[in-house]
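This report goes through a few local features of one protein model and then turns to its ligand. Please keep the sequence and the structure in view while reading.

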Amino acid sequence: MPKRALKDFTKGVPIKSLRDGEMLGGQVGKDKVLLVCRGEDFFAVGSECTHYHGDLTQGLLVGDEVRCPLHHACFDLRTGEALRAPAFDPIPCWRVERIDDKVFVRDKIDFDKTNASDREQKQSDNAATNHPSSVVIIGGGASGFSAAEMLRRKGYSGHITMVSADKTAPYDRPNLSKDYLSGDAPDEWMPLRPRNFYKQHKIELMLNMRVASIDGKKRTITLEKGKMLEYGALLLATGAEPIKLALTGATKSQVMYLRSYADSKAIIQKARAGKRVIILGASFIELEVAASLRTRKVNVHVVAPDHEPLERVLGPQIGKFVRDLHESHGVAFHLGETIAQVKGRKAVLKSGKTLDVDFLVLGVGVKPSTKLAEDAGLKVDNGVLVNEYLESSEPGIFAAGDIANWRDAYSGERLRIEHWVVAERQGQVAAKNILGLRERYDLAPFFWTAQFGVEIRYVGHAKKWSAVKIDGNLKSKKCAVTFRRSRRTLAVATVNRDLKSLEVEREMEIASRT
Ligand SMILES: Cc1cc2nc3c(=O)[nH]c(=O)nc-3n(C[C@H](O)[C@H](O)[C@H](O)COP(=O)(O)OP(=O)(O)OC[C@H]3O[C@@H](n4cnc5c(N)ncnc54)[C@H](O)[C@@H]3O)c2cc1C
């Protein structure tokens with residue numbers, strides 16, 4: 001079917017066709033534009049999310065913000081600013097003019113020109129406030145990067161050092177098990193920012209460098225190579241590391257784990273040479289690896305002790321749906337099983353069944369990298385304990401991401417979870433609090449997974465639930481699954497119900513703030 005031409009907003013849109021709070025998609029020249037009416041105001045902004053190009057016309061309007069249906073990035077309609085990760089770049093904005101009963105979208109707004117004096121004012125205001133003399137960030141992942149970016153966005157002019165054990169500058173970790181592993185995403189897509197970003201923003205990036213210790217009283221850190229750095233404020237963003245398993249008989253070169261860019265590259269190398277893989281574990285990353293390696297025509301066997309994949313997090317219904325999806329693409333499951341031993345190119349399962357294998361990918365969980373925090377005497381209990389401002393028990397030290405254990409404003413429970421968007425948003429909030437802005441972290445947890453072209457989005461967090469409500473049909477790949485306890489919604493998983501996912505996130509946000 002030929003595509004319908006988009007409405008040309010330069011020719012004017014009748015006001016009566018735009019109801020308050022409604023979004024209209026159209027174009028200005030070659031740009032796709034979203035036109036919104038908020039009371040007496042009209043806004044025209046780019047309709048493509050700057051994270052993964054989600055169509056914002058299918059998203060959710062919340063006050064003067066628009067939220068992306070794909071991974072819940074959030075933009076300011078007045079300035080285009082990416083208010084919340086996973087997007088960082090703003091969307092463009094256009095000037096809108098109202099003439100009689102029509103609105104016309106005119107030229108693109110150049111905020112660099114219009115706001116130059118505002119920005120200069122903001123910077124001098126910032127200098128006047130009590131900012132830390134310097135900020136050291138330990139970790140160059142999701143939360144470390146987001147914090148550094150936010151510090152500069154908020155006009156912080158002190159020294160920022162980001163120390164990362166990784167050899168590579170911050171990159172799109174979720175893609176390591178998805179399009180990058182399947183061969184659908186090139187290396188150019190992977191960095192969160194090009195290398196010159198760090199230079200331009202005066203963020204000192206110390207890669208391939210491990211921090212050995214922290215002295216919270218003296219406000220110093222010591223690198224493994226011995227060098228000492230002082231800090232005014234410190235962000236701990238060391239993430240998590242895969243739990244290693246001693247697998248009887250398996251050689252070191254046969255066993256792979258996936259956490260880093262280098263790990264993903266190593267698995268790709270293995271998949272080029274060997275065509276039979278066993279994946280031990282059936283949680284999100286392992287299933288994504290299974291899907292990506294199938295795309296590479298590798299013979300995939302998933303071995304896991306569970307009854308259904310993902311069952312512990314998403315319940316048996318979604319578990320079965322995901323298993324069917326994988327089986328229809330040729331993945332073989334061995335559930336209620338584990339690997340007893342490996343003998344050369346054979347793996348013997350607990351039941352005695354034998355599988356041919358060239359290499360194995362083990363995914364038996366991760367543990368938060370809290371050793372530095374423990375050694376420094378910070379309070380640690382399943383992660384670094386932080387308050388609602390993401391401050392640890394030691395003044396001047398904040399923690400964010402996979403290592404942070406915070407009290408979730410919606411459920412009232414302490415949580416430590418491993419989600420990309422949570423880590424990024426915590427990094428952003430920690431940065432603001434390092435600058436004294438006192439912003440509570442009260443956002444609903446959100447994650448997504450993508451397997452064989454099916455995306456599941458999940459909002460909230462349900463450790464244990466007593467009822468599951470399925471709205472729609474999993475088989476037709478369009479549904480929302482609600483997890484409840486005592487009639488309270490704990491979490492909602494959706495497949496092709498993206499607006500619903502955004503609405504649930506918003507409801508949880510409101511409930512958290514009242
Ligand atoms: C393959 C894969 C796929 C994923 N897919 C998804 C997904 O689809 N959706 C989702 O929501 N989540 C996903 N996740 C989870 C998500 O990536 C993590 O929750 C997120 O990266 C956590 O961010 P972080 O900043 O806490 O830690 P990380 O991003 O892991 O960064 C930690 C950093 O700390 C550094 N570090 C550790 N110790 C030291 C030290 N002593 N000194 C210096 N540096 C140190 C590390 O080198 C690293 O740079 C995925 C994770 C993986 C591994």
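## Unusual backbone angles

Asparagine 496 sits in the loop that runs between β37 (488-495) and α11 (498-513). This is a predicted model. Although asparagine 496 is not a glycine, its phi is positive, at about 55°. Most residues other than glycine have a negative phi, and most peptide bonds are trans. Is asparagine 496 buried or partly exposed? Asparagine 496 counts as partly exposed because its relative accessible area is 46%, and that class covers the values between 20% and 50%.

Leucine 310 also has a positive phi, near 65°, and is a residue other than glycine. Leucine 310 belongs to the loop between β22 (299-304) and α8 (311-328). With a relative accessibility of 3%, leucine 310 is counted as buried, because buried means under 20%.

## A cis peptide bond

Which form does the peptide bond from alanine 85 to proline 86 take? This bond is cis, and its omega is near 20°. Proline 86 is placed in the loop between β9 (82-84) and β10 (93-99).

## A buried arginine and its contacts

Strand β34 (residues 454-460) contains arginine 457. The relative accessible area of arginine 457 is 4%, so this residue is buried.

Which side chains make polar contacts with the side chain of arginine 457? One contact, of 2.8 Å, joins arginine 457 to the side chain of glutamate 455. Another, of 2.9 Å, is made with the side chain of aspartate 498.

## A nonpolar patch on the surface

Three residues, Ile243, Leu245 and Val364, form a nonpolar patch on the surface. Together they have about 200 Å² of accessible area.

Leucine 245 is found in the loop between β19 (240-242) and β20 (255-256). Its relative accessible area is 36%, so leucine 245 is partly exposed. That value also fits the patch, because the residues of a patch have over 30% relative accessible area.

## Helix α3 and alanine 148

Alanine 148 is located in helix α3. Alanine 148 is buried because its relative accessible area is 1%.

How far apart are alanine 148 and arginine 173 in sequence and in space? Alanine 148 and arginine 173 are separated by 25 residues in sequence and by 17 Å in space, taken from C-alpha to C-alpha.

## The ligand and its surroundings

There are 33 residues around the ligand, and those that come nearest are Ser143, Lys178, Val211, Arg259 and Asp402. By type, the residues of this shell divide into 15 nonpolar, ten polar and eight charged.

Several polar atoms of the protein lie close to oxygen atoms of the ligand. A polar backbone atom of glycine 140 is 3.1 Å from an oxygen atom of the ligand. For serine 164, a polar side-chain atom lies 3.1 Å from a ligand oxygen. For aspartate 166, a backbone N or O atom is 3.2 Å from an oxygen atom of the ligand. On its own, the ligand has 1,000 Å² of accessible area, and the protein covers 94% of it. The elements that give two or more residues to the shell are α3 (142-153), α7 (284-295), α10 (420-434) and β33 (446-451). Helix α3, where alanine 148 has its place, is thus one of the elements listed for the ligand shell.

Conventions:
Residues numbered from 1 in each chain as written. Predicted model: local features only at pLDDT ≥ 70, side-chain atom pairs only at ≥ 80, totals over all residues. Heavy atoms only, no water. Patch = residues over 30% accessible without salt bridge, like charges linked within 9 Å, V, L, I, M, F, W, Y side chains within 5 Å. Areas by Shrake-Rupley, 256 points an atom, 1.4 Å probe, with all protein chains shown as cover. Salt bridge = Lys/Arg side-chain N within 4 Å of Asp/Glu carboxyl O. Helix = DSSP H or I, 4+ residues; strand = E, 2+ residues; numbered from the N terminus. Buried < 20%, exposed > 50% of the residue type's maximum accessible area, 1.4 Å probe, protein only. Near = heavy atom within 4 Å. Polar contact = N/O pair within 3.5 Å; in protein donor to acceptor, adjacent residues only side chain to side chain. Nonpolar A, V, L, I, M, F, W, Y, C, P; charged D, E, K, R; others polar.
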